[in-house]
Amino acid sequence: MAFDFQMYTPAPEFSTPAAYFSMEFALDQALKTYSGGLGFLAGSHMRSVYELRQNLVGISILWSFGYYDQGRNEDQSMRADFRLKHYSFLQDTGLTFPIEIHNAQVLVKALYLAPTRSGRPPCSS
């Protein structure tokens, strides 16, 4: 499967590419990859990068359950609800590679968030 990145043309003065690794990016409310300050800061950085047309891609981890949603118990106290997230707006790049975690091989898949969805430069999880 061939993957076609949506066009994002950096400004000529930013010819050197860079990657921004962060555990959280607040890019889109539907993309549950953030819980607070770090995510909002990283999301703001990515917005500035996009507006300045810098040559940067954001890279993070996309968890199947994302950060938890908050619900209420019958007594109105808060509870953490862990729901499986569906990210149909992410594009499969066809890129997979193995990494080793605690002596177990885990297959990692690269997904793509197009800049037209987030108003930010390309991101991969």
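**Hairpin, strand and loop**

Biologist: Which residue in β4 is the bridge partner of Asp69?

Modeller: This is a predicted model, in which local features need pLDDT of at least 70, side-chain atom pairs count only at pLDDT 80 or more, and totals for chains, interfaces and linings use all residues. Residues are numbered from 1 along each chain as its sequence is written, and side-chain values use heavy atoms, leaving out hydrogens and water. In β4, a strand (a DSSP run of E, at least two residues, numbered from the N terminus), Asp69 finds its bridge partner in Asp81.

Biologist: Over how many bridges do β3 and β4 pair?

Modeller: Strands pair if DSSP finds at least two bridges between them. Strand β3 covers residues 69-72 and β4 residues 78-81, and their antiparallel pairing runs over 4 bridges.

Biologist: Which residue in this hairpin takes a positive phi?

Modeller: There are 5 residues between the two strands of the hairpin. The positive phi, near 75°, belongs to Gln76.

Biologist: Is Thr93 buried or exposed?

Modeller: Thr93 sits in strand β5, residues 91-101. Its relative accessible area is 8%, and buried means under 20%, exposed over 50% and partly exposed in between, with a 1.4 Å probe and protein chains only. Thr93 is therefore buried.

Biologist: Which backbone oxygen does the side chain of Thr93 reach?

Modeller: A polar side-chain atom of Thr93 lies 3.1 Å from the backbone nitrogen of Leu95. At 2.6 Å, the Thr93 side chain also reaches the backbone oxygen of Ala110.

Biologist: What is the relative accessibility of Met23?

Modeller: Met23 is in the loop between β1 (18-21) and α1 (37-52), the latter a helix (a DSSP run of H or I, at least four residues). Met23 counts as partly exposed because its relative accessibility is 47%.

Conventions:
Polar contact = N/O pair within 3.5 Å; in protein donor to acceptor, adjacent residues only side chain to side chain.
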